[in-house]
Amino acid sequence: MSDLVSLDTNLVHFSSFEKNSHAKVTLTSNCDNAVLFKFKTNKPKRYGVQEPVGVIGPRETKVLKVAVTENNLNVDTDISGDRFLILHMDLKDVDPEIDPFSREIWTIYGENVNSTTPLRLSFDATAAPMQRNRSTSALSPAAFRRAVSPGKLIRPPTTDRNDGETVKLLAIKASLESRIKELEEVNHELRESSEIMRKQVSSLKRTVDDCRSETEDIKITLNNKLKEMDESATADRKELNDEITELRQKKEQNDIEIQTTTRELNEARESMRLMKNLKGNLETEVSELKIKIETLNGELDTQHKMFDDYKNVNTDEIKELNKTIDDLRADKTEDEMAVTIDSLSQQVKTLNREISEYERDINTKEAEYTVLHGELERKNSELGKMEESVIDTEFQLNSTKKLLDDSTLEVDRLNDVVKEKEVAIEEIQTAVAEKNAEIINLKQKNDEAVLDLGRLQTTVEERGLLLKESGETLETKVTEIKELKTAIEVLEKNSGNITIESIIDQPLWFIVIFILGLIFGLVGFSIGVPQKDE
């Protein structure tokens with residue numbers, strides 16, 4: 001058994017082996033392609049098959065009807081060697097330009113032909129009595145018409161001339177009726193196929209319109225998306241560039257402020273150093289003044305003490321002198337007194353002069369002390385102011401240092417922001433590149449959709465041509481049915497006195513139809529000859 005097809009049984013079983021008895025053979029496809037098959041037997045005149053050659057769709061099942069076409073068979077001797085075989089091949093291996101229903105295809109592709117296991121004949125022996133002798137009795141016309149099966153041409157029994165001709169004509173009529181039924185079935189199938197094809201063409205046209213609309217929508221969407229992306233990317237770039245420019249300007253301004261602040265800080269530090277030096281000098285001068293004042297105070301105290309002692313000594317001397325003068329006045333003469341008094345007066349004057357000079361020196365020292373004390377207070381005031389200035393300078397120095405630290409932190413923050421913005425620009429550029437790649441992909445899909453649309457249009461055109469050919473075939477079949485019906489009417493009209501001569505006397509078109517019907521009937525039921533399914 002081939003893997004392409006499978007059978008439900010290896011027997012062709014008849015319920016009885018009388019004429020027009022039927023058997024069924026179920027053929028199933030096991031592949032995903034269409035399979036061409038051909039039913040063969042070693043007794044093609046004894047058995048008729050409804051569809052000797054045909055096609056099975058992928059994974060489909062087809063039931064073949066086999067009929068007995070001979071009568072008066074001897075089952076003991078006549079059918080013992082009857083055999084059946086089904087040939088088949090995969091249609092994908094066949095050239096599509098070759099007619100699959102032609103005889104030559106089985107020769108051309110002989111190496112691709114597979115066959116099933118030969119089928120044996122089987123029947124129920126107890127169903128109906130079998131004819132074991134060859135009878136030559138004739139059937140009546142009514143019995144003959146009842147025995148005729150649609151689509152099968154039965155060979156009529158022989159009798160005298162008139163009955164024989166009548167039976168032949170009835171057989172021809174039955175064949176024509178069978179052919180009409182076949183044509184009507186073909187007509188019905190063609191109409192259904194035409195309707196299906198019309199629906200498919202309509203669906204394909206709608207699909208084409210939808211594809212065109214979808215393609216236009218995709219183009220519009222792509223253009224709008226591309227425009228939005230360009231505008232968004234341009235706006236983002238401009239915004240980020242403006243922010244970076246602003247940050248850089250701010251950074252430059254902060255750098256200038258840092259430089260200015262650093263310069264001011266250095267100046268403040270230099271001023272602080274000078275003020276500290278000046279403060280040290282002032283403190284040294286104040287210390288020296290304090291030492292001078294203390295020395296001057298000591299000298300003044302000594303001078304005052306010496307002056308007091310000197311004054312006391314002089315006072316005592318003056319008193320002694322006055323006492324001496326008084327004594328002299330008592331003891332001396334006036335001339336001696338005068339000389340002595342002049343001398344003493346001169347001494348007193350000298351003493352008074354020395355006292356005055358000594359008092360003047362003391363006053364000078366006191367004035368110098370006062371000046372030095374005032375200078376000391378001035379120096380102390382300058383020193384206090386200097387200390388306040390040093391404190392202010394230190395505060396300003398600390399403030400400037402804090403401002404410098406804040407400016408440095410701000411510069412670092414701005415540098416970080418600038419780096420973040422640059423990273424954001426790179427991300428935007430990457431996103432733009434990805435969107436461009438996506439747009440290119442969408443354009444490729446759009447191009448593929450356009451190609452699919454072109455192929456779809458070609459399919460629509462092919463379906464339209466096929467529909468047109470089906471319509472022409474349908475018209476031909478309808479014309480043939482009408483002609484056959486006309487022939488049947490003529491036969492029925494002349495059925496009472498039909499002879500071979502009367503048939504010959506018919507018009508040429510009737511003779512042609514008659515011969516064609518006879519040929520179709522005979523060929524249609526020949527087992528060994530493949531017939532194309534209309």
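**Note on the fold and its cores**

1. Contacts along the chain. Of the contacts in the chain with a separation of 6 or more, 79% are between residues 24 or more positions apart. Keep in mind throughout that this is a predicted model.

2. Overall make-up. The chain has 534 residues, and buried residues make up 31% of them. Its secondary structure comes to six helices and ten strands. The exposed area is about 33400 Å². Carbon and sulfur atoms supply 50% of that area.

3. The largest nonpolar core. This core holds 26 residues. Which of them touch the most other members? They are V12, F14, F17, Y47 and I86. Strands feed this core from many points in the sequence: β1 (5-7), β2 (11-14), β3 (22-29), β4 (35-41), β5 (47-49), β7 (61-68), β8 (83-90) and β10 (119-123) each supply at least two residues. In soluble globular proteins, nonpolar side chains tend to be buried together.

4. A second core. Separate from the largest one is a core of nine residues. Its members include L36, L87, M89 and I105.

5. The four-stranded sheet. Four strands form an open sheet. In what order do they lie? The order is β1-β3-β7-β5, and the pairing is antiparallel. β1 and β5 are the edge strands. Each has a single partner strand, so one side of each lacks a neighbour in the sheet. From one strand to the next, the twist averages 30 degrees. As background, strands of a sheet pair through backbone hydrogen bonds, either parallel or antiparallel.

6. The β1 and β3 pairing. How many bridges join β1 to β3? There are three, and the two strands run antiparallel. Two residue pairs can be checked on the model. L7 stands opposite L27 in β3. V5 stands opposite S29 in β3.

7. The β3 and β7 pairing. Seven bridges join β3 to β7, again with the strands antiparallel. For V25, the bridge partner in β7 is L64.

8. Sheet and core together. The sheet order β1-β3-β7-β5 can be set beside the list of strands that feed the largest core. β1, β3, β5 and β7 are among the strands that each supply at least two residues of that core. Y47, one of the residues touching the most other members, lies at the start of β5 (47-49).

Notes:
Residues are numbered from 1 along each chain as its sequence is written. This is a predicted model: local features need pLDDT of at least 70, side-chain atom pairs count only at pLDDT 80 or more; totals for chains, interfaces and linings use all residues. Side-chain values use heavy atoms; hydrogens and water are left out. A nonpolar core is a set of buried Ala, Val, Leu, Ile, Met, Phe, Trp, Tyr and Cys residues joined through side-chain atoms within 4.5 Å. Buried means under 20% relative accessible area, exposed over 50%, partly exposed in between (1.4 Å probe, protein chains only). Two strands pair if DSSP finds at least two bridges between them. Axes are lines fitted to C-alpha atoms, for helices over the stretch in contact, and angles run from 0 to 180 degrees between N-to-C directions. Contact means heavy atoms within 4.5 Å. Accessible areas come from the Shrake-Rupley method with a 1.4 Å probe; for residues, only the protein chains shown count as cover.
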